[in-house]
Amino acid sequence: MIRISSFAKAIVAGLAAGASVAATAVQDGAFTTGEVVTTALAVLGALGITYAVPNRPTEPERANPGRGL
């Protein structure tokens, strides 16, 4: 279950980054090579960074403030 949620989180972040960059890039009516590269880098960056960040642990695994680790 943890692996699937990590993949899902990364895919959603990649789609959001790609959509926002692509929407900005086509404002002038053309999609140039530079804009394609920028879109691809935004998607890959969002996928990699989001996948690398761990999900929040469930409640029993968290440390209790004031009670030590």
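In the predicted model, the protein chain exposes about 5,300 Å², and carbon and sulfur atoms supply 70% of this area. Buried residues make up 14% of the 69 residues in the chain. The secondary structure consists of two helices and zero strands. Of the contacts with a separation of 6 or more, 65% are accounted for by residues 24 or more positions apart.

Helix 2 covers residues 33–52, 20 residues in total. At 1.5 Å a residue this helix should span 28 Å, and its end C-alpha atoms are 28 Å apart, so the expected and modelled values agree. The buried residues of helix 2 are E35, T39, A46 and T50. Viewed down the helix axis, these buried residues fall within an arc of 45 degrees and therefore line one face of helix 2. An α-helix has 3.6 residues a turn, so residues three or four places apart point the same way. The other side of helix 2 carries the exposed residues T33, L41, L44, I49 and A52.

A nonpolar patch of about 400 Å² is present on the surface, made by F7, I11, L15 and Y51. Helix 1, residues 2–25, contributes the largest share of the patch, with three residues. One of the patch residues, I11, lies in helix 1. The relative accessibility of I11 is 48%; because exposed residues are those over 50% and buried residues those under 20%, I11 counts as partly exposed.

How values were computed
Residues are numbered from 1 along each chain as its sequence is written. This is a predicted model: local features need pLDDT of at least 70, side-chain atom pairs count only at pLDDT 80 or more; totals for chains, interfaces and linings use all residues. Side-chain values use heavy atoms; hydrogens and water are left out. Helices (H or I, at least four residues) and strands (E, at least two) are DSSP runs, numbered from the N terminus. Buried means under 20% relative accessible area, exposed over 50%, partly exposed in between (1.4 Å probe, protein chains only). Contact means heavy atoms within 4.5 Å. Accessible areas come from the Shrake-Rupley method with a 1.4 Å probe; for residues, only the protein chains shown count as cover. The expected span of a helix is 1.5 Å times one less than its number of residues. The arc is that of the directions from the helix axis to the C-beta atoms. Patches are made of residues with over 30% relative accessible area and no salt bridge: like charges are joined within 9 Å, nonpolar side chains (Val, Leu, Ile, Met, Phe, Trp, Tyr) within 5 Å. A salt bridge is a side-chain nitrogen of Lys or Arg within 4 Å of a carboxyl oxygen of Asp or Glu.
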